[in-house]
Amino acid sequence: MATSRTVDVAGLTVAYREAGDPAAPPLLLLHALGEGSASWEPLLEPLAGLGFRVLAPDARGHGGSGRGRYTFEALRDDALGLLDALGIEAADVVGHSMGALTAVLVAIAAPGRVRRLVLEDAGPERGGRLYPPLDPPDAELPFDWPVVNAVRAQRSDPDPSWFPDALRIAAPTLVIAGGPGSTMPQDDLAALVAGMPDARLVEIPVGHMVHDDAPQAWLDAVAAFLAPGGDAAAGR
């Protein structure tokens, strides 16, 4: 059963859910914009059952975590700070959408701390796409609205080093693409996989919210990749 906890990361409260044996290899799950650790809830126990200590934080501005400066660099530092706070040297890292780009930046900044990488329907883009600011909805939200337009602005004008730096990530990487129905540029995902030294692409054509809309197919792909002797170990 998953447990909810909080920890201080450089003065920011980070809320996270944890499942599995605390002595098992850690698996860090980074969620999408506007989501939260709850988005992983149906998968926490199945992933723990694969033999992992599963950690799913709320990103800053989301859920029970603190509010603050909203940049991908800050999200990256929060993820690394959480590992530091929990005494974790290295982890397998899974990211969806905003969390996928965050995971890439973690692997670029601290390559020794990412054992294997799973990117769900997102990653660094090569530029040229605009994400205009949005007006806040009238409804109450479980996240801080300014994070939305901060993230959209940075994706509209990405750091030009992100994509080429990602091509040098040596950690075995699985990219799960949502296919033609996704809102994300699938050609960028294909180019990322083609250029990385140890990456493979699996398409689950249900759109951007792959682990929500096809949880068993998502879990099968991730389990095969992370299993001892599986795709990652075999280098296929």
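## Second largest cavity

In this predicted model, the second largest cavity holds about 40 Å³ of space. Its lining is formed by Ala122, Gly123, Pro124, Glu125, Arg155, Met184, Pro185, Asp188 and Leu189. Sorted by class, these lining residues comprise five nonpolar, one polar and three charged.

## Largest cavity

Three cavities of 30 Å³ or more are found when the whole structure is searched. The largest cavity contains about 170 Å³ of space. It is lined by 15 residues, and those closest to its centre are Leu30, Pro57, Asp58, Ala59 and Leu75.

Three elements, β2 (12-19), α2 (72-85) and α3 (98-109), each give two or more residues to the lining of the largest cavity. Helix α2 gives the most, with four residues. In terms of class, the lining of the largest cavity is made up of nine nonpolar, three polar and three charged residues.

## Largest pocket

The largest pocket encloses about 270 Å³ of space. Its lining consists of 14 residues; Leu33, Ser97, Arg152, Met184 and His208 are the ones nearest the centre of the pocket. Met184 is also among the residues that line the second largest cavity.

Helix α4 (residues 146-156) supplies the largest share of the pocket lining, namely three residues. The class composition of the lining of the largest pocket is seven nonpolar, three polar and four charged residues.

## Aromatic pairs

Across the whole structure, the search yields three aromatic pairs. One of them joins tryptophan 40 and tryptophan 218: the ring centres lie 5.8 Å apart and the planes stand at 45°, so the pair is tilted. An angle under 30 degrees would have counted as stacked and one over 60 as edge-to-face.

The two partners come from separate parts of the chain. Tryptophan 40 is in the loop between β3 (26-30) and α1 (41-49), whereas tryptophan 218 belongs to helix α8 (residues 215-226); the pair therefore ties together parts that are 178 residues apart in sequence. Tryptophan 40 and tryptophan 218 are both buried.

Terms used. Residues are numbered from 1 along each chain as its sequence is written. This is a predicted model: local features need pLDDT of at least 70, side-chain atom pairs count only at pLDDT 80 or more; totals for chains, interfaces and linings use all residues. Side-chain values use heavy atoms; hydrogens and water are left out. On a 1 Å grid over the protein atoms alone, a cavity is a set of points where a 1.4 Å probe fits but cannot get out, and a pocket is an open set with protein on both sides within 12 Å along at least five of seven lines; lining residues have an atom within 4 Å of a point. Grid points are joined across faces, edges and corners, and a volume is the space filled by probe spheres set on the points. Ala, Val, Leu, Ile, Met, Phe, Trp, Tyr, Cys and Pro count as nonpolar, Asp, Glu, Lys and Arg as charged, and the others, Gly among them, as polar. Rings of Phe, Tyr and Trp (its six-membered ring) pair if their centres lie within 6.5 Å; planes under 30 degrees apart count as stacked, over 60 as edge-to-face and the rest as tilted. Buried means under 20% relative accessible area, exposed over 50%, partly exposed in between (1.4 Å probe, protein chains only).
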